[in-house]
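Student: Hi! I would like to take a close look at one part of this protein and then see how the rest fits around it. Could you walk me through it?

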Amino acid sequence: MKRIFSYTISAKYNNCTLISFLKESGYSSQVITHLKRTENGILLNKTWARVRDILHTDDILTITLEEKTSSENIVASPLPLHIVYEDEDLMVINKPADMPIHPSQGNYDNTLANAVAYYYAQKGEPFTYRCINRLDRDTTGLLILAKHMYSASLLSDMVKNRKIYREYLAVAEGKTPSSGIIDAPIRRVDGSTIERQVDYEQGDYACTHYKRLCYKNGYSLVSLTLKTGRTHQIRVHMKHIGHPLPGDFLYNPNYHVIKRQALHSHCLSFEHPITKEPLTFSSPLPDDMAIFFNNTNQETVN
């Protein structure tokens, strides 16, 4: 992977150090170190430059970001990979159910990382796997992959600063209120590495906003947005208010209609980290969730 960025220095940065400009432009310390070790990674007016060099108005700064190695220990596997969007800096993927996003014990060749490794192997290109927003194994829908370390740095800061809008759709048991806010702290269950619970004394702050879109046959279709990003937040919060997700092996193992937690990453909206172009992506409700609401005898909320 090779990505070249060119900047014409404005009067704002006249007499500033090169490193100050890079840091203000979102280059992390890790990326700057990598550039310093890259041949011709940092050129000022076509000449090799040090990060302490002084910039002047109308200088031309050229940054060459090159990554020649791939992620270690990720086996390339020919798995489903639905690419919704791709450019030089990022990819948006629509992840299926039953696919972890990272390899782990017992999941060495069946993950999204393996599918992406295969995609790059077919193109004969090096690849480093950088997943920006995480989804549970059985949660379907949209997520972002960064294609190089600079876009990864910018996108990670956007996640941290809540600049990536994410909307989820969930099937919940029972008729939920028309809308609401669940403000309930979450912590890990003692003795478990994965299970979470609401704990008002020791939990971390967690807040979920929801709106019921429709109700049918004892189930609600709910739109959810998160103010925080705690592990299993939606699943734990919906159980907490008495409307758990069917098919959830941890919090509501009701497999009568669906075999996995009925949760889908429906919409992503954010500003492109490099071009600043506004981007919005949506993914329709998958078939196994739509089956709850697939006939005309349905109450729709105004």
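Student: In which helix does I19 lie? Please start there and then take me through the rest.

Tutor: Happy to! One thing to keep in mind is that this is a predicted model. I19 lies in helix α1, which covers residues 18-24. With a relative accessible area of 11%, I19 is buried, because buried means under 20%. Leaving out residues up to four places away in sequence, I19 touches I32, V51 and R52. For a sense of distance, take I19 and Y255: they are 236 residues apart in sequence, and their C-alpha atoms are 55 Å apart in space.

Now let's step back to the whole protein. There are 6 helices and 16 strands, and the C-alpha trace spans about 70 × 45 × 40 Å along its principal axes. Of the 302 residues, 49% count as buried. The protein exposes about 15,200 Å², with carbon and sulfur atoms supplying 47% of that area. If you take the contacts between residues at least 6 apart in sequence, 67% of them join residues at least 24 apart.

Next, the interior. In soluble globular proteins, nonpolar side chains tend to be buried together. Here the largest nonpolar core has 29 residues, and the members touching the most others are L112, Y129, L143, L145 and L224. Several elements supply at least two residues each: the strands β6 (90-95), β7 (140-146), β8 (165-173) and β13 (219-226), together with the helices α3 (112-123) and α5 (233-240). Helix α3 gives the largest share, 5 residues. Y129 is a good residue to click on: beyond its neighbours within four places in sequence, Y129 is in contact with S71, I74, I101, H102, L112, A113, V116 and L145. There is also a second, separate core of 23 residues, which includes Y27, V31, A49 and V51. You have met V51 already, as one of the residues that I19 touches.

Charges come next. Side chains of opposite charge can pair when their charged atoms come close. The model has 12 salt bridges. One of them joins D89 and R3, whose closest N and O atoms are 2.8 Å apart. D89 sits in the loop between β5 (82-86) and β6, while R3 is in strand β1 (residues 2-8), so this pair ties together parts that are 86 residues apart in sequence. Both D89 and R3 are buried.

Another salt bridge joins the side chains of D136 and R235, at 2.8 Å from N to O. This pair links distant parts of the chain, since D136 is in the loop between α3 and β7 and R235 is in helix α5, 99 residues apart. D136 is partly exposed, with a relative accessible area of 25%, whereas R235 counts as buried at 2%.

A third example is R187 with D199, at 3.6 Å from N to O. R187 lies in strand β10 (residues 186-188) and D199 in the loop between β11 (196-198) and β12 (207-216), so the parts they tie together are 12 residues apart in sequence. R187 is buried at 18% relative accessible area, and D199 counts as buried at 14%. Finally, salt bridges that share partners join R3, E88 and D89 into one network.

How values were computed. Residues numbered from 1 in each chain as written. Predicted model: local features only at pLDDT ≥ 70, side-chain atom pairs only at ≥ 80, totals over all residues. Heavy atoms only, no water. Core = buried A, V, L, I, M, F, W, Y, C linked by side-chain atoms within 4.5 Å. Buried < 20%, exposed > 50% of the residue type's maximum accessible area, 1.4 Å probe, protein only. Helix = DSSP H or I, 4+ residues; strand = E, 2+ residues; numbered from the N terminus. Contact = heavy atoms within 4.5 Å. Areas by Shrake-Rupley, 256 points an atom, 1.4 Å probe, with all protein chains shown as cover. Salt bridge = Lys/Arg side-chain N within 4 Å of Asp/Glu carboxyl O.
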